[in-house]
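Welcome! Here is a short briefing to help you find your way around a new structure. Have a look at the view below, then read on.

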Amino acid sequence: MTVKNEELRSRVWRIVMTGSTLVIVVIAVFFLVRMFRENPIEGTWNSEDFDMVLTVKGNSSIEVKIPEILEGEDVKVELDYAIDKDEKTLSIKLDETNMDSIIEKSDGTLTEEIVTSCVGPLLTTFDYSVDEDEMTLTEREYGEQYTFIKE
């Protein structure tokens, strides 16, 4: 009778150990895949220095919200971006169809010059660094820095 109990205990022990090992491996694979596939700048970032909010979406678009340009109106501009995680660079550009859409939605209160002056400094390539809840964009050509805090 003790031999059967010992065999049963041994079989249960192997099943528990195999299950535990599989769970650990699955969790490790999940975090490794997430670490390499995740977009480090995705989310909403606020800059008090430059009075703008960036919402970085996973589909290669950034929404820039610039508060109160004209008579208390917030202006939202959709920009396209490309990120190189190896080089840690972020390239931002404005699609002309988005510009036309912004001007149309504003009922003529915004012009191309106003929109370009607001988002113009962002239309370049930056080196980025993310440290916990702080993102720093450093312009590659002139070295100007923009600091954003994650909301």
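**A hairpin and its neighbours**

In the hairpin formed by β6 and β7, 2 residues sit between the strands, and E132 takes a positive phi near 55 degrees. Please keep in mind that this is a predicted model. From the hairpin, we can follow the strand pairing and then turn to the aromatic rings.

**Strand pairing**

- Strand β6 and strand β7 (residues 134–139) run antiparallel and are joined by 6 bridges.
- Within this pairing, D131 has E134 in β7 as its bridge partner.
- Strand β6 (residues 125–131) also pairs with strand β5 (residues 89–93): the two run antiparallel, with 3 bridges between them.
- Here T89 stands opposite D127 of β6.

**Aromatic pairs**

- The count of aromatic pairs comes to 2.
- One of them is formed by F30 and F31, which meet edge-to-face at 5.2 Å centre to centre, with 70 degrees between the planes.
- F31 has a relative accessible area of 46%, so this residue is partly exposed.
- F126 and Y146 also form an edge-to-face pair, with 5.8 Å centre to centre and 85 degrees between the planes.
- Because F126 lies in strand β6 and Y146 in strand β8 (residues 145–150), this pair ties together parts that are 20 residues apart in sequence.

**Buried or exposed?**

- F126 counts as buried because its relative accessibility is 0%.
- Y146 counts as buried too, at 4% relative accessibility.

Note on methods: Residues are numbered from 1 along each chain as its sequence is written. This is a predicted model: local features need pLDDT of at least 70, side-chain atom pairs count only at pLDDT 80 or more; totals for chains, interfaces and linings use all residues. Side-chain values use heavy atoms; hydrogens and water are left out. Two strands pair if DSSP finds at least two bridges between them. Helices (H or I, at least four residues) and strands (E, at least two) are DSSP runs, numbered from the N terminus. Rings of Phe, Tyr and Trp (its six-membered ring) pair if their centres lie within 6.5 Å; planes under 30 degrees apart count as stacked, over 60 as edge-to-face and the rest as tilted. Buried means under 20% relative accessible area, exposed over 50%, partly exposed in between (1.4 Å probe, protein chains only).
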